[in-house]
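User: Let's take this one contact at a time. I'll ask, you reason it out.

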Amino acid sequence: MAESAPILRMSGIGKQFPGVKALDGVDFRLLPGEVHALMGENGAGKSTLIKVLTGVHPVDTGTIELAGKDVAFAGPLEAQQAGISTVYQEVNLCTNLSVAENVFIGREPRRRGRIDWKRMRARARELLAGLELDLEVSAPLSRFSLAVQQMVAIARAIDIDARVLILDEPTSSLDAGEVEQLFRVMRRLKAEGIAILFVSHFLDQIYEISDRMTILRNGRRVGEYLTSELSQVALVGKMIGQELAELEKLHGEVKVFDRPLVEARGLGRGGAVEPFTLTIHEGEVVGLAGLLGSGRTEVARLLFGADHADAGEVSVGGSTVALRTPRAAMGHKIAFCSENRKRDGLIPDLTVRENIILALQATRGWARPVPRDQQDDLVGGYIKALKISPANPEHLVRNLSGGNQQKVVLARWLILEPRLLILDEPTRGIDVGAKAEIQRLVAQLSDGGMAVLFISAELEEVLRLSHKVGVLRDRRLVAELPNDDALTTEILMETIASGAGGAPAGHGGPGHRNGGAG
Amino acid sequence: MRRLLWPLLVLAVLLIVNVLFTPSFLSIQLRDGHLYGSLIDILRFGAPLILVSLGMTLVIATGGIDLSVGSVVAISGALACLQISQDASVFGAVASALALAVALGAWNGFLVAGVGIQPIIATLILMVAGRGLAQLITDGQIITINNPSYKLIGGGYWLTVPFGILLVLAVLAVTAFLTRRLALGMLIESVGGNAEASRLAGIRARGIIVVVYAFAALCAGIAGLMISSNVSSADGNNAGLWIELDAILAVVIGGTSLSGGRFSLGGTVLGALVIQTLTTTIYSVGVPPETTLLFKALVVTVVCLIQSPAFRQKAFTRRPRTTAPAPRAEEKAEVIV
Amino acid sequence: GSGGGSGDGTITMGFSQVGAESGWRTANTKSVQDSAKEAGITLKFSDAQQKQENQIKAIRSYIQQKVDVIAFSPVVESGWDTVLKEAKDAKIPVILTDRSVDSKDTSLYKTFLGSDFVEEGRKAGTWLVEEYKSATDPVNIVELQGTTGSAPANDRKAGFAEIIGADPKFKVIASQTGDFTRAKGKEVMEAFLKSNPDIDVLYAHNDDMGLGAIEAIEGAGKVPGKDIKIITVDAVKDGMQALADGKINYIVECSPLLGPQLMDLAKKVVKGESVEARVVTEETTFTQEQAKTALPSRKY
Amino acid sequence: MTTLVSAARSMPAKYVPVLVTGCLFVAMFVAGGIRYDGFASGQVLMNVFVDNAFLLVVAVGMTFVILTGGIDLSVGSVVALSTMISASLMAGPGWPPYLVIPLVLLIGSTLGAVMGYIVHAFDIQPFIVTLAGMFLARGLCYTIGTESIPITDPTFTAFAQTRIELGADLWVSPSVIIAVVVVLAAAYVLHYTRLGRSTYATGGSEQSALLMGLPVGRTKIAVYTISGFCSALGGVLLSFYMLSGYGLHAVGMELDAIAAVVIGGTLLTGGSGFLLGTVLGVLVLGLIQTVISFEGTLSSWWTKIFIGLLLFVFILLQRLFSARSRT
Ligand SMILES: Nc1ncnc2c1ncn2[C@@H]1O[C@H](COP(=O)(O)OP(=O)(O)OP(=O)(O)O)[C@@H](O)[C@H]1O
Ligand SMILES: Nc1ncnc2c1ncn2[C@@H]1O[C@H](COP(=O)(O)OP(=O)(O)OP(=O)(O)O)[C@@H](O)[C@H]1O
Ligand SMILES: [Mg+2]
Ligand SMILES: [Mg+2]
């Protein structure tokens with residue numbers, strides 16, 4: 001690839017937050033027509049670099065040049081006007097507005113000064129169809145799952161006529177198909193000469209799409225490399241500053257599960273998920289696979305009492321129980337780590353310590369506080385185990401990097417030592433090192449007798465961890481496959497695509513949308 | 001506690017202004033075995049406001065607001081005075097007034113947490129109807145009583161210190177214990193910070209909300225007893241009029257956000273003291289009644305500006321800033337597929 | 001059946017009260033209600049809660065309900081022309097109580113029955129001038145005003161100032177609003193006592209603020225009525241008691257018992273008889289001795 | 001090809017609260033008609049408009065502010081200030097109305113813009129900023145004068161006493177027409193302009209709106225300016241209604257306006273609600289007042305208790321019905 005003049009050049013960028021030096025003399029350049037990956041562990045400073053570039057935070061030191069001119073944006077609006085379109089890490093959309101508006105707000109098509117709603121909806125539908133997404137575009141965005149929201153944010157960003165496109169972990173909850181759609185669009189934009197900055201913790205994705213990468217460690221630049229010239233092992237080594245041990249095989253010996261812990265019989269909720277029957281045994285890890293919006297999250301929420309089931313029943317340890325509230329489920333030692341940490345997980349203004357002990361405290365009630373030294377022990381232990389950084393329990397959670405926030409939410413539930421732990425996309429935005437750590441932890445806990453319901457868009461992860469995989473399609477549990485040596489991601493994909501006896505998915509006509517839903 | 005620095009500064013400035021006008025302002029004497037002086041007055045008259053603000057702090061921390069505290073002040077004072085005027089025992093009168101206050105607060109909490117009505121409207125109902133209730137109790141008259149032991153609550157002294165101040169200290173201590181020593185505070189902040197996440201973390205938000213509104217009403221009830229005892233009479237219409245506004249202001253000056261989440265009891269006490277000192281300053285400096293409000297506007301503006309980090313930064317540091325030669329990105333005519 | 005009472009002989013009156021902000025006002029309301037019952041007049045009562053717009057709405061609704069006569073105590077003097085014209089067009093006579101309106105067109109209402117607040121202020125001033133006739137030292141006065149902007153506060157202040165202004169020895173050294181309440185009266189007086197060491201006279205725009213101030217004065221170790229002379233307005237029972245006890249020195253009466261006079265006027269007006277354009281309530285003043293005799297028969 | 005998440009076909013779900021409020025309003029009117037003679041007439045309904053035109057205008061401004069998640073406590077005082085400025089300028093120097101009214105509107109908008117600027121630039125809570133604004137405006141009233149000032153300007157009085165006949169023996173005041181125009185204009189702005197949409201977006205999530213590149217600061221300043229303008233216009237309408245300027249006018253009107261907006265189904269946290277709801281909210285408050293005056297025998301305290309009760313029953317039914325129809 002011919003080196004042309006960089007469209008964007010950042011030099012000597014420094015950014016100090018109270019108590020944390022997030023960026024320290026970072027140089028970065030972006031060439032037109034390339035996909036440039038920004039790599040680094042959780043908290044390395046990737047998002048901060050992006051925010052400093054687009055004027056969300058002012059820079060402390062250093063200069064930014066766009067197309068050869070010095071710039072300093074006062075905010076995303078200015079950056080956008082200068083031709084930088086950004087998808088920030090947490091999905092930052094207005095969920096109270098409709099899908100169409102989220103795509104177009106600020107640039108609505110207008111006719112004689114007034115917003116042309118009809119055209120806006122039509123264009124939104126068209127644009128989303130380009131990503132193979134068929135949504136009711138006038139419905140409020142809050143009705144859709146996080147993955148869909150992520151796609152809408154991407155649709156918005158790529159529709160803005162930009163010279164630079166920044167995507168900060170856009171794929172963290174997308175399944176393989178969606179990722180493929182995104183890559184298709186990225187390749188086309190790249191061909192049009194647009195410079196793309198891409199952040200992801202999925203190394204395979206990086207190697208598939210990126211031309212070049214810049215690696216950050218602890219706020220410093222490690223170096224800039226051509227993707228083709230850096231092996232995965234070398235990359236990881238540069239990111240974490242040491243060699244990563246080979247992922248050992250989890251679940252050594254084959255286990256026999258004969259003690260059912262949680263049994264769902266005909267459990268379902270109209271419009272969300274069709275009645276399903278599922279048994280989870282003690283010590284068993286059950287994976288749930290399915291496409292975006294297939295109903296995995298809904299299954300988890302029903303089992304936790306976060307939503308009311310309107311059909312079926314659940315028994316825990318043999319006796320039928322009513323899971324009317326999360327609190328009731330927690331009474332039966334069921335825990336649920338939700339996929340949307342921003343909406344359903346974090347209390348942003350509380351500290352790391354408080355966020356971690358929150359669920360434990362809730363089970364004890366307000367009158368019996370967890371003694372302070374016990375808190376410090378527990379929290380300190382998990383900060384170390386999950387490598388939460390900065391390793392300060394009194395840090396406000398809102399100031400943590402995305403991946404570290406995810407670890408905090410995880411720690412909250414691990415601390416409870418539940419009998420059934422439901423993990424919905426628990427490794428969202430978590431770096432390779434920590435991901436292995438979490439997987440090991442899950443395996444260890446299940447060996448100790450804890451049951452786990454594991455939901456992930458990453459099929460490899462599901463396969464690595466689970467003893468049994470449930471496959472959902474169109475909000476229906478279509479198959480339950482034992483995870484023996486014969487089960488591969490290919491088989492899984494096939495099941496997802498065709499369903500057990502279902503017709504293969506056609507192209508998204510309106511009829512398809514409601515397929516399966518009651 | 002750096003957050004409290006700025007309200008403290010404002011308080012100090014107000015006190016200095018007073019000293020300039022009344023040199024003896026800071027002096028505290030022992031007169032008839034009572035502490036006597038302007039500072040004591042500020043604490044004594046500020047006591048009801050501090051109490052109401054403490055309750056309000058917790059309500060606001062859950063993301064709510066309680067407009068009905070003023071009415072509860074009137075109701076509790078009215079009920080207590082009515083019973084005392086009918087020769088009931090002081091203890092019985094106080095107990096029943098506070099019980100009624102708690103019940104009214106629980107009612108508010110029920111409307112908010114149980115029925116799901118927005119707090120401002122839920123408590124507006126009691127704000128309006130409660131005034132009527134208070135006047136119903138007093139039959140629209142001012143009930144005057146003459147009872148030395150009731151007088152103690154708001155107008156009396158104990159060990160040379162005004163009893164009201166001691167009462168405030170006691171309530172403050174209990175509140176601080178419940179919220180900071182026990183886990184109530186964290187759970188409240190969690191509910192106010194992110195209600196859905198709290199629910200999913202297993203917190204019984206409803207119970208907490210009802211408790212918090214009941215507590216706010218209890219504080220208002222005690223404040224009502226204090227106010228009526230201080231003047232030995234119950235005035236259903238005027239007691240506690242607009243105190244909810246002052247209380248909310250005190251909470252906000254104290255650094256608690258109206259959108260819920262983190263709260264600071266110390267800040268609230270400080271905020272209430274700032275407001276009361278301001279009132280006293282207006283009286284003793286001799287601000288004419290027509291300009292009182294202008295003066296208040298000025299002080300409130302200064303307080304909120306000086307508390308704002310953005311303002312301090314803009315006012316005290318000037319950093320040149322280059323802006324982008326921003327070519328306006330045109331809208332795309334075509335939709336890319 | 002509410003409206004159109006003139007046919008069957010009973011009179012329906014729509015009465016719009018300002019509010020229930022004080023004991024005085026409540027006594028006023030009660031007097032109107034009781035006398036209406038006695039006089040056999042059907043009373044439609046509404047409380048405006050201190051808001052002129054509510055009064056206008058109420059009057060409009062009385063017109064709608066076709067009452068025989070409308071009476072109301074205006075919250076403010078100005079701004080009644082429109083609605084009064086509507087009443088006139090509907091041929092419903094209007095009686096003002098307690099306060100007048102400043103409309104140029106006097107045909108809009110039949111009569112005005114009420115006290116003269118300026119006169120009350122003057123009466124207070126006159127007593128003070130008489131009391132300190134022989135004094136040569138300056139007389140330091142503090143004033144507790146009513147609610148800022150309210151008519152009684154404005155007028156009682158003006159009338160008082162008019163009389164004492166004639167003699168430079170009278171000095172109002174502090175004047176502040178006490179919102180007509182005891183609690184505020186006490187609070188403000190405490191501050192006055194701290195910042196002004198020698199106060200000779202307190203003039204309070206109503207009894208309640210005076211009663212609050214008395215507590216403050218006692219708390220400061222002074223003797224109300226002796227160390228500091230106190231003048232108030234209203235003459236409610238508690239005030240009269242304090243007057244009789246020697247804690248207040250002089251009270252200017254402002255009688256809320258307008259009911260009987262109002263009903264008489266209403267009957268006349270409905271019959272079409274002519275009435276005086278201005279009817280002043282019978283009011284007096286009380287010294288400490290007079291209070292002792294008047295107290296047992298005091299109704300409110 | 002991907003499985004798609006469908007939105008259920010319950011599109012009008014967001015309109016349910018407004019619909020329920022409307023139905024309850026009608027029910028209340030019918031109940032009043034059954035209970036009181038002369039209640040079920042068109043003019044009674046028209047009078048609700050006539051008597052609340054100014055509140056309607058003020059509540060429209062408040063709706064904008066609340067939709068962004070803010071609050072404006074200064075509206076009542078700005079209304080009073082507007083009446084005071086109009087009255088004093090026409091009474092004293094004898095300014096003509098066509099100069100006075102634009103000036104008043106300008107002052108109101110400026111006050112609003114300044115408050116909006118402070119809220120935005122210094123990141124201070126709207127409650128405290130607008131509370132200071134409330135003190136300021138009320139204080140300015142008293143500095144102009146503590147007495148009420150009559151308005152005698154012939155144009156003004158003529159306008160105030162004009163009746164617009166609607167036929168069938170119904171009439172409204174010109175203020176009602178102005179209020180309706182304001183409502184329609186505001187509805188247009190909210191629904192069909194970028195300003196309106198960023199108002200909703202800012203209320204939905206200020207941080208997201210900012211990151212989406214919306215002019216959050218400008219929007220916030222704009223809504224407070226609109227609210228200031230509406231309060232000033234409300235003040236002008238109140239001057240028509242009262243024909244006087246007075247520092248104690250419109251005490252507590254901010255609460256009425258907020259209540260109207262919230263009763264109309266707008267969330268105080270911002271981002272959700274409709275102007276039609278606000279209109280209904282104002283009408284409900286007005287109708288409660290009318291019911292009270294028709295009841296006619298309530299003592300002062302029972303009046304308050306009764307208002308509280310009516311409000312309670314209304315809100316409760318509103319909650320119950322909209323909750324039920326949502327599931
Ligand atoms: N607003 C803030 N205030 C204080 N510290 C912050 C703030 N934002 C980020 N940080 C800190 O800056 C560091 C870099 O964070 P950043 O979000 O850039 O990490 P990241 O590389 O994007 O990580 P991740 O992969 O987890 O998203 C972290 O230590 C974080 O705690
Ligand atoms: N009735 C409905 N109408 C529209 N959208 C709905 C409805 N019910 C659920 N949804 C949305 O679709 C999602 C259902 O998919 P769910 O999240 O359960 O699947 P998932 O397999 O976890 O998908 P994802 O990977 O997108 O999280 C819900 O989270 C919700 O946002
Ligand atoms: Mg990041
Ligand atoms: Mg999901």
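User: How far is the backbone N or O atom of Gly403(A) from an oxygen atom of ligand 1?
Analyst: First, this is a predicted model: local features need pLDDT of at least 70, side-chain atom pairs count only at pLDDT 80 or more, and totals for chains, interfaces and linings use all residues. Residues are numbered from 1 along each chain as written, chains are lettered from A and ligands numbered from 1 in written order, and side-chain values use heavy atoms, without hydrogens or water. A polar contact here is a pair of N or O atoms within 3.5 Å. For Gly403(A), a backbone N or O atom pairs with an oxygen of ligand 1 at 2.7 Å.

User: Which side chain puts an N or O atom 2.9 Å from an oxygen of ligand 1?
Analyst: Two side chains are worth checking here. His201(A) has a polar side-chain atom 3.0 Å from a ligand 1 oxygen. The 2.9 Å pair belongs to Gln89(A).

User: And how many residues are around ligand 1?
Analyst: A residue counts if one of its heavy atoms is within 4 Å. Gly43(A), Ser47(A), Thr48(A), Ser401(A) and Gly403(A) come nearest, out of a total of 21.

User: Zooming out, which two chains have the most contacts?
Analyst: Contact means heavy atoms within 4.5 Å. Chains A and C don't touch, with their nearest C-alpha atoms 38 Å apart. Among the 5 pairs of chains that do touch, the most contacts are between chains A and B.

User: How is α11(B) oriented against α5(D)?
Analyst: Helices are DSSP runs of H or I with at least four residues, strands are E runs of at least two, and angles between axes run from 0 to 180 degrees. The axes of α11(B) (residues 243–253) and α5(D) (residues 126–144) come within 10 Å and cross at roughly 130 degrees. Under 35 degrees is roughly parallel, over 145 roughly antiparallel, 65 to 115 roughly perpendicular and the rest oblique. So α11(B) and α5(D) are oblique.

User: What classes of residue make up the contact of α11(B) with α5(D)?
Analyst: From α11(B) you get Leu245(B), Ile248(B), Leu249(B), Val252(B) and Ile253(B), and they meet Phe127(D), Ile128(D), Leu131(D) and Met134(D) of α5(D). Ala, Val, Leu, Ile, Met, Phe, Trp, Tyr, Cys and Pro count as nonpolar, Asp, Glu, Lys and Arg as charged, and the others, Gly among them, as polar. The tally has no polar and no charged residues, just 9 nonpolar.

User: How does α11(B) sit against α12(B), and what classes of residue are in that contact?
Analyst: α11(B) and α12(B) (residues 265–285) have axes 7 Å apart and an angle of about 125 degrees, so they are oblique to each other. Contacting residues include Asp246(B) and Leu249(B) from α11(B), plus Gly267(B) and Thr268(B) from α12(B). By class, that contact comes to 6 nonpolar, 3 polar and 1 charged.

User: How do the residues divide by class where α2(C) meets α12(D)?
Analyst: The axes of α2(C) (residues 52–65) and α12(D) (residues 275–295) come within 10 Å and cross at roughly 55 degrees, so this pair is oblique as well. α2(C) brings Asn54(C), Lys57(C), Ser61(C) and Gln65(C), while α12(D) brings Gln289(D), Ser293(D) and Phe294(D). That divides into 1 nonpolar, 5 polar and 1 charged.

User: Which residues does the cis peptide bond in chain A join?
Analyst: Most peptide bonds are trans. This one has an omega of about 0 degrees. Pro390(A) lies in the loop between α13 (372–385) and α14 (402–414) of chain A. The bond joins Ser389(A) and Pro390(A).

User: What is the phi of Arg112(A)?
Analyst: Arg112(A) lies in the loop between β7 (110–111) and β8 (114–115) of chain A. Most residues other than glycine have a negative phi. Arg112(A) is not a glycine, yet its phi is positive, at about 45 degrees.

Notes:
Polar contact = N/O pair within 3.5 Å; in protein donor to acceptor, adjacent residues only side chain to side chain.
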